[in-house]
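Q: Please take a close look at a single part, the nonpolar core. Which residues of the largest nonpolar core touch the most other members?

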Amino acid sequence: MKFIKTIVISATMIFSSTALAHSGLVNSSPAKNEMVQDSPQGLALTFSSPVRLVKLILKDGGGNNIKFGFKPKMQSSNQFSLDLPQLTPSSYSVSWMIMGEDAHKMKGQFNFMVHKAMEKVTAHDHASHSHD
């Protein structure tokens with residue numbers, strides 16, 4: 001009987017911690033490995049359940065921290081949006097840490113890239129450069 005109790009308690013602990021560990025990032029903008037043509041206006045993160053966003057770091061390709069006014073959030077939410085400064089063409093990494101309502105911490109990281117925007121060629125530009 002004691003053996004069965006031990007198995008039931010162990011299984012309950014394993015499955016409950018597994019269920020809690022499933023809170024994670026489900027969507028972001030810019031998205032993971034996305035290549036954007038212009039500096040994004042903001043950073044949006046969507047998590048699978050309400051969490052507290054306790055740490056968020058943005059680094060450029062040289063490993064330099066990009067300051068953008070992040071402050072840890074006291075309220076739980078599954079969506080967070082933050083304004084970004086003008087980003088120069090580079091690769092960027094976003095590192096985040098969340099805390100679930102059970103105080104379980106999780107962290108993750110993703111990358112995106114900002115390319116230099118191509119200048120648009122308009123019909124007016126073609127007309128001004130024609131040699132009739």
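A: The account below begins with the chain as a whole and then turns to the core, its aromatic rings and one polar residue beside these.

The model is predicted, so local features need pLDDT of at least 70 and side-chain atom pairs count only at pLDDT 80 or more, while totals for chains, interfaces and linings use all residues. Residues are numbered from 1 along each chain as its sequence is written, and side-chain values use heavy atoms, with hydrogens and water left out.

The chain contains 2 helices and 6 strands, these being DSSP runs numbered from the N terminus (H or I, at least four residues, for helices; E, at least two, for strands). Their order from the N terminus is α-β-β-β-β-β-β-α. Of its 132 residues, 27% are buried, that is, under 20% relative accessible area, with exposed meaning over 50% and partly exposed in between (1.4 Å probe, protein chains only). Contacts are heavy atoms within 4.5 Å; of those in the chain between residues at least 6 apart in sequence, 61% join residues at least 24 apart.

A nonpolar core is a set of buried Ala, Val, Leu, Ile, Met, Phe, Trp, Tyr and Cys residues joined through side-chain atoms within 4.5 Å. The largest one has 22 residues, and the members that touch the most others are F47, L53, L56, L58, L87 and F112. At least two residues of this core come from each of β3 (42-60), β4 (77-83), β5 (90-99) and β6 (105-114). The greatest contribution is that of β3, with 7 residues.

The structure also holds 3 aromatic pairs. Rings of Phe, Tyr and Trp (its six-membered ring) pair if their centres lie within 6.5 Å; planes under 30 degrees apart are stacked, over 60 edge-to-face and the rest tilted. F47 and F80 form an edge-to-face pair, with 6.1 Å from centre to centre and 75° between the planes. Because F47 lies in strand β3 and F80 in strand β4, this pair ties together parts that are 33 residues apart in sequence. Both F47 and F80 are buried. Y92 and F112 form a stacked pair, at 5.5 Å centre to centre and 20° between the planes. Here Y92 belongs to strand β5 and F112 to strand β6, so the pair ties together parts that are 20 residues apart in sequence. Y92 and F112 are both buried as well. In addition, F47, F80 and W96 form one aromatic cluster.

The surroundings of two of these rings can be listed. F80 counts as buried because its relative accessibility is 7%. Beyond its neighbours within four places in sequence, F80 contacts L43, A44, L45, F47, V51, L53, K73 and Q75. Its C-alpha atom is 6.6 Å from that of T46, 34 residues apart along the chain. With the same exclusion of neighbours within four places, F112 contacts P30, A31, E34, P40, L58, L87, S90, S91, Y92 and V94.

L87 leads to a polar residue, S39, which lies in the loop between β2 (35-36) and β3. S39 counts as buried because its relative accessibility is 11%. A polar atom of the S39 side chain lies 2.7 Å from the backbone nitrogen of L87. Not counting residues up to four places away in sequence, S39 touches P85, Q86, L87 and V114.

Methods: A polar contact is a pair of N or O atoms within 3.5 Å; within protein, one must be able to donate a hydrogen and the other to accept it, and residues adjacent in sequence count only if both atoms are side-chain atoms.
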